[in-house]
Number of protein chains: 2
Amino acid sequence: MTNVEKRLKESKSQFVEKIADNMHAFGVSETIGRVLGIIYMNREPMTLDQLSEATGMSKMRMSQVVREMIELNIAKKVFRKGVRKDLIQVEDDYYQTFISLFTSNWQRAVTKSRSFERKLQKDLETIELDDSLSKEVIEEKKELDWETKEWSDYYDWINRLIEFFESGEIFEHVPINERGNKNDK
Amino acid sequence: MTNVEKRLKESKSQFVEKIADNMHAFGVSETIGRVLGIIYMNREPMTLDQLSEATGMSKMRMSQVVREMIELNIAKKVFRKGVRKDLIQVEDDYYQTFISLFTSNWQRAVTKSRSFERKLQKDLETIELDDSLSKEVIEEKKELDWETKEWSDYYDWINRLIEFFESGEIFEHVPINERGNKNDK
DNA sequence: AACTTCGTAAAATATATACTTTATAAAGTT
DNA sequence: AACTTTATAAAGTATATATTTTACGAAGTT
């Protein structure tokens, strides 16, 4: 391997580390970022064995990580005729990866919260107010009712925010700085 | 304490747990969310001692947590005449909290990345291409140059996204579902 | 100046998260 | 049917993150 080749390889691996680091900052495990970076730089889908080889981690761990990535919508399994092993392909658009990472996270939070919300609201509804209660207590009840509604609106907003990102509308208002296509450099 | 009062208190504490849980899902420690919830529900700024009492955690931990919250822009120390202890107040707007949480996180990632980006770009610039190199190697060098620029654009986009959120412009496109003011319920 | 009160740094401990090993089921091959 | 290959579940181990304990300096009080 020539000196230039060595240096390019080194730069490439630094780039992968940068992707890993970036994604880690955005709340997923560093390994997820590293695997994404490795497949991205490879330009071709990869198998669990190849990933295991490339990361130095166990195949089992790769299996776990890939599953997480699929849940996050930043990877998918692809089929190729004659190949028995799973081939994993990743999202190759930085912006889309960013969006998937956050919206799937937000979505999970919304879903989780909804059922709790209903439960709390039901609880509050069954609390009967009568004249024997002090002004302060009645006031507090009202505040809690109000907070619950407010919280519900908040989650509604997050839902609309998710849609705003996933539909791509965000790019109309925060446009990508176009630099031409990868293939006409 | 009457039965109603007990149940209200229970609902209130559940609400705090919900805030904690929600914020945990958004990448900060559960304790940060709990502290925010506690101060929020208290409607008044609180001291480290009060927080320690309310959470059952050490005062030292409260000190650490509050500092993190201040860095995240979701809390601040307020001064009150005659009070020596620090009084901690929190952001009381759900939407603003959401925004601060994410933008400060994104901002940190951008800052961290910028210096690395420059370093990598410099490295790549010093790699000289000459005719002895294969077509593949030259192609690979070009791809890396392209990726570096692409990555730089991506961070630029995140910066503009941060501004889009922090300026409040986001609310023009994903409006809050108005329900009137807290004080006219 | 000696004495408190308060906040936080540094080191030690506990808990949660990331990762590996071992074991097993499903599908493909002989 | 016996034998491989592949993926993943369950349980155990290691590493990272959250939290407490101990200690100390800065500012206020007597």
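1. Copies are superposed by least squares on the C-alpha atoms of residues with pLDDT of at least 70 in both. Keep that in mind as you look at the two chains here, which belong to a predicted model. Chain A lands on chain B after a rotation of 180° with 0.0 Å of shift along the axis, and the RMSD is 0.1 Å. That is the relation of a two-fold axis.

2. Which residue of chain A comes closest to the rotation axis? Look for A:G27, whose C-alpha lies 3.1 Å from the axis. The copies meet through the same surface, because 98% of the interface residues of chain A are also interface residues in chain B.

3. Now take chain A by itself. Its domain assignment gives domain 1 (3-90) and domain 2 (94-173). Between the C-alpha centres of these domains there are 35 Å. Where they touch, six residues of domain 1 are in contact with five residues of domain 2. On the domain 1 side, four of the touching residues are nonpolar, two are polar and none is charged.

4. In chain B, try following helix α5 (residues 94-125) and helix α6 (residues 135-166), which pack with their axes 10 Å apart at an angle of about 155°. Angles over 145 degrees count as roughly antiparallel, and α5(B) and α6(B) are therefore roughly antiparallel to each other. Their crossing is left-handed.

5. A last look at the residues between these helices: α5(B) contributes, among them, B:W106, B:V110 and B:L120, while α6(B) brings residues including B:W151, B:Y155 and B:F165. The residues of this contact divide into eleven nonpolar, seven polar and three charged.

Technical notes. Residues numbered from 1 in each chain as written. Chains lettered and ligands numbered in written order. Predicted model: local features only at pLDDT ≥ 70, side-chain atom pairs only at ≥ 80, totals over all residues. Axes fitted to C-alpha atoms, helices over the stretch in contact; angles between N-to-C directions. Helix = DSSP H or I, 4+ residues; strand = E, 2+ residues; numbered from the N terminus. Parallel < 35°, antiparallel > 145°, perpendicular 65-115°, else oblique. Left-handed = near helix turned anticlockwise from the far one by under 90°. Contact = placed C-beta atoms within 7 Å. Nonpolar A, V, L, I, M, F, W, Y, C, P; charged D, E, K, R; others polar. Domains from an automatic or database assignment.
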